[in-house]
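I am opening a fresh page for a two-chain model. My plan is to begin with a single loop residue and then work outwards to the chains and to the place where they meet.

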Amino acid sequence: MFLIFFSIGFNYLISKRIFPGQKKTLIIGISINLLLLIFFKYADFIIYNLNFIPDLSLGYLNLILPLGISFYTFQQIAYLVDSYKGTKKEKSIFSYGLFVSFFPQLIAGPIVHHSEMMGQFRDSNLTKVNFDNLARGFFIFMMGLAKKIVIADSFAVIANKGYANITSLGSAEAWATSLAYSLQLYFDFSGYSAMAIGLGLLFNIRLPQNFNSPYKSLSIKEFWRNWHMTLSRFLRDYVYIPLGGNKKGNFRTSVNLMVTFLLGGIWHGAGWTFVFWGFLHGFALVVHRYWIKLGMNMSKIPALLLTFFFVNITWVFFRADSWNTSIQMLHRMFNSVPKMDNFYLVSNFYDLPVWIAGVILLFVPNAIEMGRRLQPTFFYLMLNVLLFLLNVIYLNSIVKNDFLYFDF
Amino acid sequence: MTFCISIFKPMGNHFKKYFLILLPACLGVLSVFVFANIFLDIFGLFGFRENARVYGEERFSKYLMSFYYVPQHFEGMILGPSLSANLDPEPFPDENYFNASIMGARMNNIFSLATNILENNGKITKAIVCIHPYVTNDQGAEYTDFMQPDTYWKAFGSVNLLRVYGLGLIRGFDLWPKKYPKGQYKPNGSNQFESLFRVEDVPGRIAEEVTKVKASDFDIGANQRLAFKKLLALLQQKEIQTFVYFHPVPLPIYQAYQDQLHEFWKDILTGAEPSKDDLFSFHNFNTSDFSFFSGDESNYIDHGHLSKKGQKILMEEIHNQWDPME
């Protein structure tokens, strides 16, 4: 709590001193934000790497990662940069504090932009009961909660067991584990985002969409337009474009893409596996760019499968707890390896209907689209009531996992 | 980048009516669901059911039955892992026993279950406890969420409860007899799993097990040792007449690991010493006197679990060995 109060107070005060042309203050502001993030999130990673220097053996700090630090740090860096660009600043510290700490999106996003939030906080209709927003917000929240606790947590059982027993996995089990994790991560994070958006609507606040059915994407570029959209937007506006974007020739564009995605990788976690994951995605975007430039094309289904399986394979680096584990998992996925005797990745099929529902949900309108389509009809009423009942039942059951993106 | 949320179209007053119906509808449906579960009372938890039984999700079911149904309807209990789970207490003529053994149970699970049964002021006066190195070994022990007081609330409506209903229907209508036989669980808690677990070549399986056993399998884990101590203290405090027996392993395993088995039992007895009084009786079935049983492979269905014939003999032996104490 102290950290977020300090962060809000510091950024509010320093933003008052940032104007167009005052680059030094901006750099100080960004540096202090980044130092705090580096200290809490990356200190042990830096120590780990320093310890490779002969005769150096530094002790780890083992700091607990403050909830949501990556999200509110990025949000406030964006605010400082916008202040430098001369956009309107927030006069009241309370309004600014509300912008940073608005609880639905505080801990796992979406990463919001000052300009899209402050107008809403000042809107005179904010405190009026809006049944349209209440109904849609409640529905989207219930959809998000169901995605998390019903679907993501059911896939998590397989993914967690697989990653905890990599040496026991055969090729089929390794694929099942990696696919289960891909689905877990999507339903977990997009579920959380939908919950945040739904909660926001209950308070008459419209948060930006964060996922738009990304596994339906036909290219890696499209994937990043639909996955964690607010992070993509942040990286585009505050890293890629300031680096020159695509305006400085082909080679420089490729370098900019790689730098942006390497940063995106390290933002997700303090480890070389995250850096490599970012590298792979950056590289894929560069390849895709040249592919398009050469005028090459691919039909829909192979494009969808190629994109999905590329993303699925790269998630191995994202999920595995070490480099070795990632390699072991990929080795099992791409070589014919028998599973160990007496090891069963799936010990029962109780969750089969949930798995099927999860796969179907990938191809139907997502929670936000459904929220947009919501009509005050008996059908939607029953759907909402059933979602509520389903969520209460699952919340009262012994199949729970934490939100994945709380760690980032 | 499109932010679809910004193009929600307001629908005016229709949503007011919709939302004002939605909230009571949610609460109403939830209440109906909860009351239906209480009324069905599948675990005999709320006192509405005289004949509860296990249909599946064994840990969950037996733990919930341990709140009310077992303490109020039975005078004795059998505690242990799968090795004792199929013991049918029916032949015990004078006492009404419930077999509270759980598949894969370790001593900490047994202690949790026994605590719940005995803390709920029931009629239980006797207990039979099955001991085997598996029960007291920490390796691979599962610390399940099911054996905690919070589990009580899951009986009002949870996925675990719905699974039990599903399994109840499957067994009740005999829909999948090969996997979920109708009468697998008897009303006294005995799990008649012989048809599911029986291996074709019992001597072969026993011989295979002889080669698989490791020295560390006989170690008593610190957590399990503590749980066993606590269990004995609890049984003593509640004045439960208790028969603790060392499950008879097949003779080839006994012959190969005789010393380790004796050391293990000695260790168990040493740990139990503070609790030794008239209430407790300890019996080791892994002795040469009992080789008539452990040497007969027809008493087993695999490398340790007992056949119907084996169960019957063992139950009689327990009865005979325990008689002098009474």
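**Loop residues of chain A**

I looked up Asp55(A) and found it exposed, with a relative accessible area of 83%. I note here that the model is a predicted one, so I treat every value on this page as computed from that prediction. Asp55(A) sits in the loop that runs between helix H2 (23–50) and helix H3 (69–85) of chain A. I then checked its backbone and noted that the phi of Asp55(A) is near 65°, a positive value in a residue other than glycine. I keep in mind the general background that most residues other than glycine have a negative phi.

I turned next to Asn342(A), which is not a glycine and yet has a positive phi of about 65°. I placed Asn342(A) in the loop between helix H14 (323–334) and helix H15 (352–362) of chain A. Is Asn342(A) buried or exposed? I found it exposed, with a relative accessible area of 64%, and since the cut-off for exposed is over 50%, I am content to use that word for Asn342(A).

My third loop residue was Asn130(A), located between helix H6 (114–122) and helix H7 (131–164) of chain A. I recorded Asn130(A) as partly exposed, because its relative accessible area of 29% falls between the limits of 20% and 50%. I also followed Asn130(A) to Phe203(A), which lies 73 residues away along the chain, and found their C-alpha atoms separated by 8.8 Å.

**Chain A as a whole**

I listed 17 helices and zero strands for chain A. What radius of gyration would a compact globule of 408 residues have? I noted a value near 22 Å for such a globule, and chain A agrees with it at 22 Å. The C-alpha trace of chain A spans about 65 × 65 × 50 Å along its principal axes, and buried residues make up 56% of its 408 residues. Looking at contacts in chain A with a separation of 6 or more, I found that residues 24 or more positions apart account for 76% of them. Chain A exposes about 18500 Å², and carbon and sulfur atoms supply 68% of that area. I also noted 33 positive and 18 negative charges in chain A, with mean positions 12 Å apart.

**Chain B as a whole**

I then went through chain B, where the secondary structure comes to 13 helices and five strands. Its C-alpha atoms fill a box of roughly 85 × 45 × 40 Å along the principal axes, and 54% of its 326 residues are buried. Chain B exposes about 14600 Å², with 56% of it supplied by carbon and sulfur atoms. For the charges, I wrote down 30 positive and 37 negative side chains in chain B, the centres of the two sets lying 12 Å apart.

**Where the chains meet**

How many residues of chain A are in contact with chain B? I recorded 41 residues of chain A in contact with 42 residues of chain B. The area buried between chain A and chain B is about 3700 Å², and carbon and sulfur atoms give 74% of it. Which three residues supply more than any other three of the area that chain A buries against chain B? I found these to be Phe131(A), Tyr350(A) and Ile398(A), which supply 20% of that area.

Methods:
Residues numbered from 1 in each chain as written. Chains lettered and ligands numbered in written order. Predicted model: local features only at pLDDT ≥ 70, side-chain atom pairs only at ≥ 80, totals over all residues. Heavy atoms only, no water. Helix = DSSP H or I, 4+ residues; strand = E, 2+ residues; numbered from the N terminus. Rg over C-alpha atoms; globule rule 2.2 N^0.38 Å. Buried < 20%, exposed > 50% of the residue type's maximum accessible area, 1.4 Å probe, protein only. Contact = heavy atoms within 4.5 Å. Areas by Shrake-Rupley, 256 points an atom, 1.4 Å probe, with all protein chains shown as cover. Lys, Arg positive; Asp, Glu negative; His and termini not counted. Charge placed at Lys NZ, Arg CZ, Asp CG, Glu CD. Buried area = accessible area lost by both parts, 1.4 Å probe.
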